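Please load the coordinates in your viewer and keep the selection panel at hand. The tour goes from strand to strand, then to a pocket, and ends on the surface.

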Amino acid sequence: MSTDDALNLSDIDPPVWRVRVSGADYGPYTLGQMKTFVHEHRVSANSLVAEGETAPFLPAADHSPLRAMFETAGKSQEDAAAEPANYLIIAKLAGTGQMQLIGALNRLGRFAEVMPGVWALRSKARQARVRDRLQATITSGDQVMIANATTGRLAWLNLGPEADVHIRRIWDAELDETA
């Protein structure tokens, strides 16, 4: 197939979506990528999102193409929300005081600091809620990873785009049978 015959997916799903996290803008992303971010709980209903280069940033649920994603995700997660989950939270705090982070963890469930900068948390909160609570607590200089030991899902805050690429390459990677 020559490049002249190749299907141009940008005509079908153009990268027009931008996401604002801790004052930094990321994107543009396609609607398909945004759906993945919602599924991974990296974009929540309250995440600031803009559709287009000059559009204002609004909560993701205020955008009609995204709203249905949150309604569908919420229905499938309601039953699981009552079951407690175990989380491992790793934080490198540069701007947030440890007491603010501990306050957020205390509101989420039972926790213990198992080593400096590492907390075990047991909570009925979904991973997206844990991420949102911690994101509201930390500053842009803080870095946090949230591993849901119950489901095997991973979330992170303020690690940067390079770390994002590396994590995605390995977290759900297929392994050779010999590994």
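Begin by selecting Val19 and Val49, which stand opposite each other, the latter in β3. The model is a predicted one, in which local features need pLDDT of at least 70 and side-chain atom pairs count only at pLDDT 80 or more, while totals for chains, interfaces and linings use all residues. Residues are numbered from 1 along each chain as its sequence is written, and side-chain values use heavy atoms, with hydrogens and water left out.

Extend the selection to β1 and to β3, residues 48-51, which run antiparallel and are joined by four bridges; strands here are DSSP runs of E of at least two residues, helices are runs of H or I of at least four, and both are numbered from the N terminus. Two strands count as paired if DSSP finds at least two bridges between them.

Next, add Leu58 in β4, which stands opposite Val49, and note that two bridges join the antiparallel strands β3 and β4. Six residues lie between these strands in their hairpin, where Gly52 takes a positive phi near 110 degrees.

With β2 added, the view holds an open sheet of four strands in the order β2-β1-β3-β4, with antiparallel pairing. Because β2 and β4 (58-59) stand at the edges with a single partner strand each, one side of each is left without a neighbour in the sheet.

Now turn to the second largest pocket, which holds about 360 Å³ of space. A pocket is found on a 1 Å grid over the protein atoms alone, as an open set of points where a 1.4 Å probe fits, with protein on both sides within 12 Å along at least five of seven lines; lining residues have an atom within 4 Å of a point. The volume is the space filled by probe spheres set on the points, which are joined across faces, edges and corners.

Select Val21, Tyr26, Tyr29, Arg42 and Asp164, the closest to the pocket's centre of the 16 lining residues. Two or more lining residues come from each of β1 (17-21), β2 (24-29), β9 (153-157) and α5 (161-171), and α5 gives the most, with three.

Finally, select β6 and find Val114, which lies in this strand.
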